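Here are some notes for a first look at this structure. Please read them with the sequence and the coordinates open.

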Amino acid sequence: NNHEITYTYLDPGRYFLRIRGSNSDGIWNDEGATLQIVVLPPWYKTWWFRISIYISVLGIFLLFYMVRLKFFSQQKRKLMVLVRERTLQLEEVAVALEEKQEEINSQNEKLLTQRNELENSNLLLTDQKRQILEQNRELDLHRNQLETLIEERTRELIEAKNKAEESDRLKSSFLANLSHEIRTPLNAILGFSSLLGEKNLASEEREEYNRIIHGSSNNLLDLINDILDISKIEAGQLELDMREVSLDAFVNDISGVFEMFIKRDDVGSNKPVEFKVAINKEIRDLHIISDHLRLTQVITNLINNAIKFTSSGYIELGCYKIPGNEFLEFYVKDTGIGIKEVYHPLVFERFRKLEDDRHQLHRGTGLGLAISYQLVNLMGGTMRLDSKYGEGSTFYFTIPLILSGITPVSVKKEARSLLPDMNNCLILVAEDEPSNFNYIEKLLKDAGARVLHAENGIQVLQIIEDNPGIDLILMDIKMPLMDGIETLNNMRKKGSTIPVIAQ
């Protein structure tokens with residue numbers, strides 16, 4: 001009823017089987033029966049089959065390997081042959097390529113050389129182009145400059161031509177006017193001089209003729225002085241003599257001269273014209289540094305001009321300080337005919353003489369205002385005009401205010417003798433013109449001087465040696481044989497210190 005079976009595996013193919021059993025009472029056999037069973041495996045599971053399989057596989061692998069090795073060897077030989085052939089081909093190709101490369105390099109070098117040449121040519125062409133452009137610009141600039149210069153020169157030539165024509169016209173007018181102005185006083189001098197020789201001439205008529213001759217002579221002298229002054233100014237040879245000037249004495253001299261001058265019959269012709277001075281005491285007390293002679297000349301020209309063109313009213317001389325400026329401004333104001341505005345820019349030009357009145361001609365050369373204008377400029381000032389036609393004119397001019405530092409003193413007018421006391425003075429007059437010497441000798445002898453006469457420089461030197469007591473020499477500049485300047489130089493070389501006045 002009950003049993004158990006166990007088996008034991010010893011090695012492959014051999015087994016032991018043990019069987020035990022019991023009855024219903026549960027009695028077992030102790031040992032049981034043991035049966036050894038041998039079971040043989042199939043042939044494919046035997047060890048020799050496995051070894052043979054392994055050997056076969058290994059042989060097949062070796063055979064495959066040898067076949068593959070032989071195949072690879074053959075392939076290697078073929079490849080080597082192919083590589084050798086291809087190498088030879090490549091070597092040939094390489095040689096050809098090297099030749100080509102050398103040719104290409106040579107061509108590259110040529111191309112590079114050509115490129116460099118082209119670049120240099122390009123640079124040269126660029127530089128030439130730049131130079132051409134610059135030259136074109138310069139040519140354009142020069143052309144423009146030449147055109148501008150030609151236009152300017154053309155304008156200048158036209159202006160110069162117009163000025164030359166105007167100057168020629170003005171000079172012709174001036175010479176015609178000058179000829180008239182010279183002949184007028186000369187005719188009066190010659191005419192009335194001949195009348196003075198009449199025996200039955202009354203004393204009043206003689207005095208009138210003398211007055212006319214004297215006035216005409218002064219007019220002629222003023223004319224010559226104007227011509228000399230304008231010539232010096234244009235030549236740049238006019239020099240200023242800057243000295244102390246007392247404005248009070250200066251104004252007194254000017255007013256004294258013109259108050260009497262304006263009342264003369266030959267000047268004023270009984271015209272109702274009053275001369276006034278409008279300068280306060282503060283200005284008149286100043287002592288300044290200026291050229292007394294040229295300052296007097298400017299004011300005299302302006303006042304004479306005002307007298308000439310003023311038939312009634314007044315002429316006023318004034319002076320004041322310019323506020324905030326180191327200048328004095330003088331003015332001469334009149335109530336005369338005035339000047340049209342269109343002529344204002346012309347009044348200070350040379351040879352200009354404005355004749356607007358056909359009923360009355362005014363004497364003069366047209367140099368007075370031009371000389372005054374130039375003199376004011378030389379003194380460092382300016383001159384201007386303010387005029388309205390029919391109502392009068394005012395001429396203004398400035399001079400630098402340079403104080404002398406001298407305390408103002410009151411100036412007293414004192415009558416002075418025309419001829420000084422020259423008693424015991426020995427004066428040598430060097431003059432080759434007999435009439436001039438006779439006049440000078442008369443004046444000097446009236447003053448009490450003793451007079452010696454020399455007609456040239458050689459005589460002067462001889463007279464100086466013979467007369468060591470000479471006090472003064474009046475020396476003519478132009479003399480025959482030896483002029484005054486050469487004579488003076490020879491005197492100084494010999495040590496002579498006699499004072500010499502050139503005349």
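1. Start with Asn-305, which sits in helix H6. The model is predicted. Is Asn-305 buried or exposed? Its relative accessible area is 18%. The cut-off for buried is under 20%, so Asn-305 counts as buried. Outside its neighbours within four places in sequence, Asn-305 is in contact with Leu-369 and Phe-395.

2. Now look at how H6 meets helix H7, residues 368-378. The two axes come within 9 Å. They cross at roughly 145°, and the crossing is left-handed. On the H6 side, the contact is made by Arg-294, Gln-297, Val-298, Asn-301, Leu-302 and Asn-305. On the H7 side are Gly-368, Leu-369, Ile-371, Ser-372, Leu-375 and Val-376. By class, the contact has 6 nonpolar, 5 polar and 1 charged residues.

3. Next, Phe-348. This residue lies in the loop between strand S8 (327-334) and H7. Its relative accessibility is 16%. Phe-348 is therefore buried, as the cut-off is under 20%. What does Phe-348 touch, leaving aside neighbours within four places in sequence? Its contacts are Leu-369, Ala-370, Tyr-373, Met-383, Arg-384, Leu-385 and Phe-395. Take Met-383 from that list. Phe-348 and Met-383 are 35 residues apart in sequence, and their C-alpha atoms are 9.1 Å apart in space. Note also that Leu-369 and Phe-395 are contacts of Asn-305 and of Phe-348.

4. Then the nonpolar cores. In soluble globular proteins, nonpolar side chains tend to be buried together. Here the largest nonpolar core has 44 residues. Leu-328, Phe-330 and Phe-397 touch the most other members. Helix H6 (residues 292-309) gives the most to this core, with 7 residues. Another core lies apart from it, with 15 residues. Ile-463, Met-482, Met-491 and Ile-498 are among them.

5. Phe-397 deserves its own point. Not counting residues up to four places away in sequence, Phe-397 touches Leu-295, Val-298, Ile-299 and Leu-302, among others. Its contacts also include Leu-328, Glu-329 and Phe-330. Val-376, Thr-382 and Met-383 are on the list too.

6. Last, the whole chain. How many helices and strands are there in the chain? There are 10 helices and 14 strands. Of the 503 residues, 27% are buried. Among contacts between residues at least 6 apart in sequence, 66% join residues at least 24 apart. The chain exposes about 34,700 Å². Carbon and sulfur atoms supply 56% of that area.

How values were computed. Residues are numbered from 1 along each chain as its sequence is written. This is a predicted model: local features need pLDDT of at least 70, side-chain atom pairs count only at pLDDT 80 or more; totals for chains, interfaces and linings use all residues. Side-chain values use heavy atoms; hydrogens and water are left out. Helices (H or I, at least four residues) and strands (E, at least two) are DSSP runs, numbered from the N terminus. Buried means under 20% relative accessible area, exposed over 50%, partly exposed in between (1.4 Å probe, protein chains only). Contact means heavy atoms within 4.5 Å. Accessible areas come from the Shrake-Rupley method with a 1.4 Å probe; for residues, only the protein chains shown count as cover. A nonpolar core is a set of buried Ala, Val, Leu, Ile, Met, Phe, Trp, Tyr and Cys residues joined through side-chain atoms within 4.5 Å. Axes are lines fitted to C-alpha atoms, for helices over the stretch in contact, and angles run from 0 to 180 degrees between N-to-C directions. A crossing is left-handed if the near helix is turned anticlockwise from the far one by less than a right angle, and right-handed if clockwise. Ala, Val, Leu, Ile, Met, Phe, Trp, Tyr, Cys and Pro count as nonpolar, Asp, Glu, Lys and Arg as charged, and the others, Gly among them, as polar.
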